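Trainee: I should like to learn how to read a protein model step by step. May we go through one together?

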Amino acid sequence: MQPTLCALQQEWITLQNQYDSYEKFACVIKLVCISLVAVMLLLSASILLVVALIFVLWLQEGIWKTFQARIEVRLLSIEQVLSKQEETQHSNQLAMQFNSTWLNTRPRVLGLLKEYVTSALRPTVALHYILLIVIVIFANFGMFAGSI
């Protein structure tokens, strides 16, 4: 007979699944961006419009990854408690505090904006969008070079 999971273990499982789903949707944002950029290039859209779209989706992923990072902070906190055998007995008192913990440490507007930009500039996020901007610039340059 397996022992019952404590509330903190159940919270970890739920949050880990949520963390993983955020990663999947971050990939969806990237794929949508790539698809839209390709379509816009095929339709000869303005380079400014294409780059603006890239920046909007880049920022959106930055916001998305910021939410994911908040889950990561809670996951690491739970893992620290669960790694200490003697504290596991009291872990139910610490469980289900994700929103309360975040609210207690929530930054003001400028702090939130800083978190979003910091997340957007992480290499795993930024690389795709920077490459797309480079591709758009070269594609645009190629169009001009072909018309001369």
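**Reading the helices and their contacts**

Mentor: Let us begin with a single residue: at 43% relative accessibility, F55 counts as partly exposed. Please keep in mind that this is a predicted model.

Trainee: Which elements make up the protein chain, and in what order do they run from the N terminus?

Mentor: The protein chain has 5 helices and 0 strands. Read from the N terminus on, the order of its elements is therefore written with helix symbols, α-α-α-α-α.

Trainee: What is the ring arrangement of F55 and W58?

Mentor: Across the whole structure, a search finds 4 aromatic pairs. In the pair of F55 and W58, the ring centres are 5.6 Å apart and the planes lie at 10°. Planes under 30 degrees apart count as stacked, so the arrangement of F55 and W58 is stacked.

Trainee: Where do F55 and W58 lie, and how many residues apart are they?

Mentor: Both F55 and W58 belong to helix 2, which covers residues 47-82. Their spacing is about one turn of the helix, namely 3 residues.

Trainee: Is W58 buried or exposed?

Mentor: The relative accessibility of W58 is 9%. Buried means under 20%, so W58 counts as buried.

Trainee: Which residues form one aromatic cluster?

Mentor: One aromatic cluster joins three residues by name. They are Y22, F25 and W64.

Trainee: How far apart are the closest N and O atoms of R74 and E11?

Mentor: In general, side chains of opposite charge can pair when their charged atoms come close. A search of the whole structure finds 4 salt bridges. The one between R74 and E11 links distant parts of the chain, with R74 in helix 2 and E11 in helix 1 (residues 7-42), 63 residues apart. Both residues are buried, and their closest N and O atoms are 2.8 Å apart.

Trainee: Which residue forms a salt bridge with K30?

Mentor: The closest N and O atoms of this salt bridge are 2.4 Å apart. The pair links K30 in helix 1 to a residue of helix 2 that is 31 residues apart from it, and both partners are buried. The partner of K30 is E61.

Trainee: How many residues apart in sequence are the parts that R70 and E115 tie together?

Mentor: The side chains of R70 and E115 meet in a salt bridge at 3.1 Å, N to O. R70 lies in helix 2 and E115 in helix 4, so the pair ties together parts whose separation in sequence is 45 residues.

Trainee: Is R70 buried or exposed, and what is the relative accessible area of E115?

Mentor: R70 has 13% relative accessibility, so R70 counts as buried. E115 is partly exposed, and its relative accessible area is 27%.

Trainee: Which residues is S119 in contact with, leaving aside its neighbours within four places in sequence?

Mentor: S119 has its place in helix 4 (residues 109-120). At 6% relative accessibility, S119 counts as buried. With neighbours within four places in sequence left aside, its contacts are G62, K65, T66 and V125.

Trainee: How far apart in space are A139 and I47?

Mentor: A139 lies in helix 5 (residues 123-147) and is partly exposed, with a relative accessible area of 24%. A139 and I47 are 92 residues apart in sequence. Their distance in space, C-alpha to C-alpha, is 9.3 Å.

Terms used
Residues are numbered from 1 along each chain as its sequence is written. This is a predicted model: local features need pLDDT of at least 70, side-chain atom pairs count only at pLDDT 80 or more; totals for chains, interfaces and linings use all residues. Side-chain values use heavy atoms; hydrogens and water are left out. Helices (H or I, at least four residues) and strands (E, at least two) are DSSP runs, numbered from the N terminus. Buried means under 20% relative accessible area, exposed over 50%, partly exposed in between (1.4 Å probe, protein chains only). Contact means heavy atoms within 4.5 Å. Rings of Phe, Tyr and Trp (its six-membered ring) pair if their centres lie within 6.5 Å; planes under 30 degrees apart count as stacked, over 60 as edge-to-face and the rest as tilted.
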